[in-house]
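Q: I should like to learn how to read a structure of this kind, one feature at a time. Where should a reader begin?

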There are 2 protein chains.
Amino acid sequence: MTLVIRKILGASQAEEIHKVTRRSARKATMRRKIVDAASRRLRVQGLEGATIANVLGDAGLTHGTFYAHFESKEALLAEAFITAAADTSERWIKGISDLPIERGVELLVNRNLGTAHLRNLRTGCPFVAAGAEVWRGSSELREAYEQSMLAVARKVSGALGKQNDIDLALAIHAVCVGGLTMARSVLDEKLALRIMRACREFVLERLPAKKTGRSHRSRIIRSRR
Amino acid sequence: MTLVIRKILGASQAEEIHKVTRRSARKATMRRKIVDAASRRLRVQGLEGATIANVLGDAGLTHGTFYAHFESKEALLAEAFITAAADTSERWIKGISDLPIERGVELLVNRNLGTAHLRNLRTGCPFVAAGAEVWRGSSELREAYEQSMLAVARKVSGALGKQNDIDLALAIHAVCVGGLTMARSVLDEKLALRIMRACREFVLERLPAKKTGRSHRSRIIRSRR
DNA sequence: AATATCGCATGATGAATATCATACGAAAAC
DNA sequence: GTTTTCGTATGATATTCATCATGCGATATT
């Protein structure tokens, strides 16, 4: 039966209307477990720690099964990265759109550059966790990074009520990524806190002026040097 | 003779006044070559690419010789990181102290977040190259990172004529590290340039005000778009 | 009920890696 | 000139890894 459909529609479309059997449901569940496990490994140990044996082990499977689920390791990592970024950024922006922009940005940078995020790797930012490993990685991965980064920037600028200011969101993201990387890298805990505080204040010190009667289009534009 | 001295002073001090022979001079040269090679590998391929065989090969030696020069791989990497950071930061701050602070910062971020640095890995910033690999690495490495980072921050704040504002230097460093990581990671070249531009402008907008009568809190910041 | 399918486990393969042991040959010490 | 030292090369060992081939057993199909 499935075979007949496959003959008519071709393999890929047949997949779409694939009958949900006990087997296929279980497989989908396991696949999800694999992606989740990979996204955790990714955040805690980076791409390096996300080996097939580790990930499949975390998911309760043995290593050889992997290629029944994914084309390649890169395909899994790309998917895991996207999952991790979506998960993390969702948490960052929660409740932010209800606040005035200054408070919103403050909450955002506190969530990113705070003690919780500093040592909480399992649910932490994949951009910090994978960092340099991505730009030396496969196109697949870089594509995933790019899409995730843009998605985060859009979410953030949307939540801040500045739909079009993707650039501001990108810059804030850069401070958070750089600052957290630095803070995690140093041995001295006090120094780590200092780095995070310096970054937070750098962002907060000079937020776009709050909304006054003046339209923001007409605000005085700082001349570029 | 050396043996006698060694007996009197102990091994480590004997090292200090070690006679310079043809052999020891050659060894020192090779050691330097190894560190340089490691610092290059580090910047181009990260810690992962800086394998002993690779590095020793670059230096014109075979892999087994390594342990005649260094205690461990970690010891080499720590030294290579420090070397790379000193080299790179020296280039960044060249000529900056002659400029007024705004122009100085502008030059600094242009050097860091510009097209040259984007694709020039061999002499690029090790903080971007090693990134997340360091904070998951050995204490030795993290110590090297910490010291190098502080050295850079001191140099930068010194060159900017703000000796005491290490925090400002740290924040600028964070933007550069985060921004360059992001720019290198994405596939789209135009997007990479946009990220770097957004980060540069973010920094320049946020500079402490020139010393005018006005408090810097009251300045209106340019909103983009 | 008989047969076909397929998710998963086991295990093989080959490549890359850090580290160490041994050996050679030139330089240094005597 | 003989002996000792030591920088380097060669090669061994043990580990880790991605990928793939094979086979079993539960599930789906007929």
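A: We begin with a definition: copies are superposed by least squares on the C-alpha atoms of residues with pLDDT of at least 70 in both. The pLDDT enters here because this is a predicted model.

Q: How are chain A and chain B related?
A: Two copies of a chain are related by a rotation about an axis and a shift along it. Here, a turn of 180 degrees with a shift of 0.0 Å along the axis lays chain B on chain A, and the RMSD is 0.2 Å. The two copies are therefore related as by a two-fold rotation axis. Both copies use the same surface, for 92% of the contact residues of chain B recur in chain A.

Q: How many residues of each chain are in contact?
A: Two residues are in contact if their C-beta atoms, placed from the backbone, lie within 7 Å. In this model, 52 residues of chain A are in contact with 49 residues of chain B. Several helices of chain B supply at least two residues each to the side that touches chain A, among them helix 6 (101–112), helix 9 (139–159) and helix 11 (189–205). Helix 10 of chain B gives the most, with 13 residues. By class, this side of chain B has 24 nonpolar, 9 polar and 16 charged residues.

Q: At what angle do helix 3 and helix 5 of chain A pack?
A: Angles of 65 to 115 degrees count as roughly perpendicular. Helix 3 of chain A and helix 5 (residues 73–93) of chain A have axes 8 Å apart and pack at an angle of about 85 degrees. Helix 3 of chain A is therefore roughly perpendicular to helix 5 of chain A. Among the residues that meet are A:Ile34, A:Val35 and A:Leu42 from helix 3, and A:Leu76, A:Leu77 and A:Phe81 from helix 5. The contact has 10 nonpolar, 2 polar and 2 charged residues.

Q: Which residues come nearest to DNA strand C?
A: Of the 26 residues around DNA strand C, the nearest are A:Gly64, B:Thr21, B:Arg22, B:Thr51 and B:Gly64. Helix 3 of chain A gives the most to this surface, with 5 residues. The surface divides into 8 nonpolar, 11 polar and 7 charged residues.

Q: Which residues are closest to DNA strand D, and which helix supplies the largest share?
A: DNA strand D is surrounded by 26 residues, of which A:Thr21, A:Arg22, A:Gly64, B:Gly64 and B:Ala68 are the closest. The largest share of the surface near DNA strand D, 5 residues, comes from helix 3 of chain B.

Note on methods. Residues are numbered from 1 along each chain as its sequence is written. Chains are lettered from A and ligands numbered from 1 in the order in which they are written. This is a predicted model: local features need pLDDT of at least 70, side-chain atom pairs count only at pLDDT 80 or more; totals for chains, interfaces and linings use all residues. A residue is near a molecule or strand if its C-beta atom, placed from the backbone, lies within 6 Å of it. Helices (H or I, at least four residues) and strands (E, at least two) are DSSP runs, numbered from the N terminus. Axes are lines fitted to C-alpha atoms, for helices over the stretch in contact, and angles run from 0 to 180 degrees between N-to-C directions. Angles under 35 degrees count as roughly parallel, over 145 as roughly antiparallel, 65 to 115 as roughly perpendicular and the rest as oblique. Ala, Val, Leu, Ile, Met, Phe, Trp, Tyr, Cys and Pro count as nonpolar, Asp, Glu, Lys and Arg as charged, and the others, Gly among them, as polar.
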